[in-house]
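Student: I've got a model open and I'd like to go through the labels people put on it. Can you take my questions one at a time?
Tutor: Sure, bring it up and fire away.

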Amino acid sequence: MVLGAAAQGPPPVLIHAPYVTTPARVVSAMLQLAGVTRNDTVYDLGCGDGRIVIAAARLGAHGVGIDINPERIREARTNARKAGVEGLARFEVGDIFDADLRGATVVALYLLPDLNFRLRPKLAKELKPGTRVLSHAFDMGDWMPEKKRVVDGSPIYLWTIPAR
């Protein structure tokens with residue numbers, strides 16, 4: 001059966017995000033840069049194997065990992081179970097552009113620059129003032145970072161969502 005264009009709805013958002021892991025030292029530095037504590041809820045968009053959410057959970061924070069790849073989510077859940085933090089870490093298969101981010105106090109990204117740029121309106125709209133946004137390797141265009149560090153040759157950036 002062939003559907004007409006009107007019945008198909010808008011075209012899906014294409015996401016090109018290769019799976020590349022964040023080194024452990026960079027994960028640790030990101031969480032330190034944002035000052036993550038047990039009072040935080042860390043969302044990792046494109047969470048891969050779950051390492052950022054799991055590291056945040058080891059600090060006592062709650063975490064939510066979202067990835068479009070079901071295999072990565074299965075791996076992340078297994079890793080959280082092995083780390084003993086499955087009660088603090090939740091992983092969901094989903095499109096980062098459809099995810100509800102309103103519960104986040106910290107959002108972590110390791111996405112290509114075009115995705116970071118396309119996420120900016122969603123982050124600005126859904127995140128509460130004071131929410132911290134972290135990015136490994138790539139900036140957010142003309143959003144000037146509040147802080148920047150280089151760890152083992154990898155830049156990490158921090159922004160805080162301003163008051164409206």
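Student: How do the residues lining the largest pocket divide into nonpolar, polar and charged?
Tutor: This is a predicted model, and the lining of its largest pocket comes out as 11 nonpolar, six polar and five charged. Gly counts as polar here, so G46 and G48, which are among the residues nearest the centre, go into the polar group. P18 and C47 also lie nearest the centre, and Pro and Cys count as nonpolar. D67 is there too, and Asp counts as charged.

Student: What makes a residue part of that lining, and how many are there?
Tutor: A lining residue has an atom within 4 Å of a pocket point, and 22 residues line the largest pocket. The volume of that pocket is about 350 Å³.

Student: How do you know that β2 and β3 pair?
Tutor: Pairing takes at least two bridges. Strand β2 (residues 62-67) and strand β3 (residues 89-93) have five, in the parallel sense, so they count as paired. G63 sits opposite A89 in β3. Between the two strands the chain goes through helix α4 (residues 70-83), and this β-α-β crossover is right-handed.

Student: Why is that crossover called right-handed?
Tutor: Point the strands away from you: the path from the first strand over the helix to the second runs clockwise in a right-handed crossover, and the one from β2 through α4 to β3 is right-handed.

Student: What makes β4 and β5 partners?
Tutor: The cut-off is again at least two bridges. Strand β4 (residues 106-109) and strand β5 (residues 132-136) share four, also parallel, so that pair qualifies. V107 has V133 as its bridge partner in β5.

Student: Why are β3 and β6 called edge strands?
Tutor: The open sheet has seven strands in the order β3-β2-β1-β4-β5-β7-β6, with mixed pairing. β3 and β6 (147-151) each have a single partner strand, so one side of each lacks a neighbour in the sheet. From one strand to the next, the twist averages 15°.

Student: What makes A137 and D152 stand out in phi?
Tutor: A137 has phi near 80°, positive in a residue other than glycine, and it lies in the loop between β5 and β6. For D152, phi is near 50°, again positive without being glycine, and D152 belongs to the loop between β6 and β7.

Methods
Residues are numbered from 1 along each chain as its sequence is written. This is a predicted model: local features need pLDDT of at least 70, side-chain atom pairs count only at pLDDT 80 or more; totals for chains, interfaces and linings use all residues. Side-chain values use heavy atoms; hydrogens and water are left out. On a 1 Å grid over the protein atoms alone, a cavity is a set of points where a 1.4 Å probe fits but cannot get out, and a pocket is an open set with protein on both sides within 12 Å along at least five of seven lines; lining residues have an atom within 4 Å of a point. Grid points are joined across faces, edges and corners, and a volume is the space filled by probe spheres set on the points. Axes are lines fitted to C-alpha atoms, for helices over the stretch in contact, and angles run from 0 to 180 degrees between N-to-C directions.
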